[in-house]
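Please read the following points with the sequence and the structure open beside you. They are meant as a colleague's notes for someone meeting this model early in their studies.

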Amino acid sequence: MAVVSIDVKPKNQRKWLLFFAPIIGILGLWLASGWLVPSNLAPLTNKLQGLVTTFQGIFIEALPFLSAGVIVSVLIGEFVKPQHLASFVPQNAFGASIFGSLLGLLFPVCECGAIPTSRRLLRKGAPASMGIAFALAAPVVNPIVLISTSIAFGDVRWALARVGFTIIIALTIGLIIGAGIKREAILTPLALTPDVEHDHSHCDHDHGACDHTHEQPKGRLAGLIAHGSVEFFEMAQYLVMGSLLAATMQTFIPQSALLTLNDSGIGFFAPLLGIVVLMLVAVLLSVCSTVDAFLALSFLGLFHPGAVMAFLVFGPMIDIKSTLMLTTTFRRSAVMAMVVLAALFAIIAGLISYVVLI
Amino acid sequence: MQRQVLERWLSVGVMFGLGAMIIYKWQTNRLNLYIHPRYTSLLVATAVVLLLVAVGMALTKAPAIPKRMLALLTIPVAFAVLVPARPLGANLVSGKALNANSSDNLLARWKTNLSDDSKSWTLLEWTTAVRQSDLEVLRDKQAAFEGFVYRTPDLPADEVLVGRYVVTCCTADGTALSLRVKANNGADFSNDQWVRVEGTFVPAEINGSIVPQIAGTLVSIEMPSSPYLYP
């Protein structure tokens with residue numbers, strides 16, 4: 001949860017952060033560049049260059065999927081009218097949760113794309129429970145992930161179990177958080193701003209870009225570009241932060257430490273420990289849901305199938321970068337609740353799989 | 001007004017920089033230092049879209065992007081410009097090495113069909129062979145594989161580990177493999193130098209246990225265009 005706390009700091013602490021972050025950044029860049037670095041710091045330069053390679057790996061890998069999500073979101077913004085949405089989305093929390101958890105079949109996006117899409121739907125007036133269920137489920141409940149999981153495991157049952165658990169967990173969380181609580185208490189002001197057609201004023205973000213007025217760009221395409229570029233940067237900034245954190249942890253915490261932890265469980269706790277360890281790995285690796293099945297496969301030898309299932313279910317819902325991105329759409333308390341509930345349910349899914357698949 | 005124009009152009013610049021970074025890395029064959037080659041075309045397409053959007057932002061006078069976002073998105077571009085691109089190497093082996101006692105199933109999952117000609121085996125195939133077979137069966141088989149040199153303090157001067165990473169999606173999931181090599185010229189090589197191992201498989205007895213080892217020579221080579229192995 002330390003991830004979320006970045007933004008929870010009081011104002012003056014944030015000022016310190018703003019002051020020191022560039023200094024630390026420039027120092028790190030200099031060390032990593034290896035330019036005129038004293039030879040006794042060379043090992044650090046080595047480590048930092050490895051960190052950069054890992055960072056670029058996560059960032060570059062996720063970039064196409066994030067861009068696709070932003071394009072889907074912008075297209076929804078342009079072509080889906082709020083009254084369309086209201087006419088076929090059930091307005092009760094249960095129906096809305098089910099709808100949200102299945103909507104990924106129509107919009108094939110991974111976690112980087114699901115969050116901008118979710119926010120767009122919310123701004124079009126979708127119920128909060130639908131937005132939550134969609135944001136959590138869409139990264140897994142979509143054709144691309146279904147196919148990649150089936151191919152990776154060579155067994156369609158894995159894919160079906162993965163999708164089944166995800167739907168149940170997402171709609172349950174959508175119901176728990178979304179039912180009976182006001183939208184205003186769950187969503188950020190930004191996600192609450194109604195998305196009016198052809199409103200190209202671009203004051204739809206809370207970061208001060210609109211403190212000054214600028215001339216209105218003309219035409220539909222101009223509007224799409226303006227919306228798309230702002231949304232791209234808004235989401236991508238969390239991708240950068242998340243990738244940096246994940247790469248730093250990977251560079252300084254050896255994977256073998258986690259594996260050793262996995263091997264240390266005894267008796268009743270052994271399966272539970274495996275599940276928790278792989279869920280931690282999912283959070284640390286922050287790999288996109290469209291490709292994580294291939295990765296999960298490589299864990300099947302080291303961990304029991306229940307732990308691998310927990311990895312497949314939990315990773316796409318919650319990892320470092322997606323948690324940061326969720327804060328653009330949902331209030332911090334709601335994000336916290338989503339993280340805790342998702343973790344809890346993923347553990348249960350893992351334990352069920354452990355019993356059934358063993 | 002001046003400031004607005006500047007901020008707007010900065011926004012265009014960062015967007016353009018992201019696209020240009022990917023195109024540059026692709027053109028200089030460095031994209032595969034970061035990701036599995038199967039994603040190359042997807043990334044080039046993404047880069048083209050980003051460049052087009054950057055041009056669109058410039059032509060349509062799109063609003064400036066908030067400064068914090070610009071600053072953060074400058075990071076990957078700054079890395080690309082200022083930090084020498086290098087593959088995962090000896091620097092991260094300690095963090096990403098395969099856990100010896102739990103690797104059997106992992107290797108089995110990476111389904112490698114071993115050919116009869118051991119000279120064509122990569123380090124991944126050698127590692128698989130070592131796990132699957134009795135070391136004596138492999139004795140005297142000829143080896144010719146590539147990897148980077150990785151030294152640990154406990155090795156004698158003429159012995160090195162020759163390592164290579166196996167990557168499934170991107171560098172975030174890289175797993176390091178290595179094999180011990182006793183080479184007559186082993187002392188001449190330091191960490192991260194790329195070599196071809198030419199020799200034969202001769203299990204060695206170290207502290208009472210038999211360990212897999214290649215005996216032969218190291219030949220210095222350029223880093224292969226795809227530094228990682230893909231299962």
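1. Two terms are needed before helix packing can be discussed: a contact means heavy atoms within 4.5 Å, and a buried residue is one with under 20% relative accessible area. Please also keep in mind throughout that this is a predicted model.

2. With those terms in hand, consider H17(A), a helix of 26 residues that reaches 36 Å from its first C-alpha to its last, which is close to the 38 Å expected at 1.5 Å a residue. Its buried residues include A:Ala334, A:Val335, A:Met338, A:Val339, A:Leu341 and A:Ala342, and further along the helix they include A:Ala346, A:Ala349, A:Gly350 and A:Ser353. The buried residues of H17(A) pack against helix H6 (128-137), helix H8 (156-178), helix H9 (183-186), helix H13 (269-285), helix H15 (305-317) and H16 of chain A.

3. For chain A there is also a record to compare with the model: an unreviewed UniProt entry places the feature "transmembrane region" at several stretches, among them residues 57-80, 159-181 and 335-357. Over residues 57-80 of chain A the model is 96% helix and 0% strand, with the end C-alpha atoms 35 Å apart. Residues 159-181 of chain A are 87% helix and 0% strand, and here the end C-alpha atoms lie 33 Å apart.

4. Just before H17 in chain A comes a loop that deserves a look, since it holds A:Thr329, placed between helix H16 (320-326) and helix H17 (332-357). Is A:Thr329 buried or exposed? Its relative accessibility is 0%, and A:Thr329 therefore counts as buried. Leaving aside residues up to four places away in sequence, A:Thr329 touches A:Ile115, A:Ser118, A:Arg119, A:Leu122, A:Ile186, A:Leu187, A:Thr188 and A:Ala191.

5. One of those neighbours, A:Arg119, also takes part in a salt bridge with A:Glu234, in which the closest N and O atoms are 2.8 Å apart. This pair links distant parts of the chain, for A:Arg119 belongs to helix H5 (residues 111-123) and A:Glu234 to helix H11 (residues 220-252) of chain A, 115 residues apart. Both partners are buried: A:Arg119 has a relative accessible area of 4%, and A:Glu234 has a relative accessibility of 2%. Over all chains, a search of the whole structure finds 13 salt bridges.

6. Turning to chain B, the secondary structure comes to seven helices and seven strands, and the order from the N terminus on is α-α-α-α-α-α-α-β-β-β-β-β-β-β. Of the 231 residues in chain B, 53% are buried. Among contacts between residues at least 6 apart in sequence, 68% join residues at least 24 apart in this chain. Chain B exposes about 10,200 Å², of which carbon and sulfur atoms supply 56%.

7. How many bridges join S1(B) to S4(B)? There are seven, and the two strands run antiparallel; within this pairing, B:Gln142 stands opposite B:Thr200 in S4(B). S1(B) is also joined to S2(B) by three bridges, again in an antiparallel arrangement, and here B:Phe148 stands opposite B:Gly163 in S2(B).

8. A salt bridge also connects S1 and S4 of chain B, where B:Glu146 meets B:Arg196 with the closest N and O atoms 3.7 Å apart. B:Glu146 lies in strand S1 (residues 142-150) and B:Arg196 in strand S4 (residues 194-201), so the pair ties together parts that are 50 residues apart in sequence. B:Glu146 counts as partly exposed at 26% relative accessibility, and B:Arg196 likewise counts as partly exposed at 27%.

9. A further salt bridge in chain B brings together the side chains of B:Lys182 and B:Glu159, at 3.6 Å from N to O. B:Lys182 sits in strand S3 (residues 175-183) and B:Glu159 in strand S2 (residues 159-166), 23 residues apart, and the pair links distant parts of the chain. Here the partners differ in cover, with B:Lys182 partly exposed at 35% relative accessibility and B:Glu159 buried at 7%. Salt bridges that share partners join B:Asp158, B:Glu159, B:Arg180 and B:Lys182 into one network.

Key. Residues numbered from 1 in each chain as written. Chains lettered and ligands numbered in written order. Predicted model: local features only at pLDDT ≥ 70, side-chain atom pairs only at ≥ 80, totals over all residues. Heavy atoms only, no water. UniProt positions renumbered as here; feature names shortened; annotations may be inferred. Helix = DSSP H or I, 4+ residues; strand = E, 2+ residues; numbered from the N terminus. Salt bridge = Lys/Arg side-chain N within 4 Å of Asp/Glu carboxyl O. Buried < 20%, exposed > 50% of the residue type's maximum accessible area, 1.4 Å probe, protein only. Expected span 1.5 Å × (residues − 1). Pairing = 2+ DSSP bridges. Areas by Shrake-Rupley, 256 points an atom, 1.4 Å probe, with all protein chains shown as cover.
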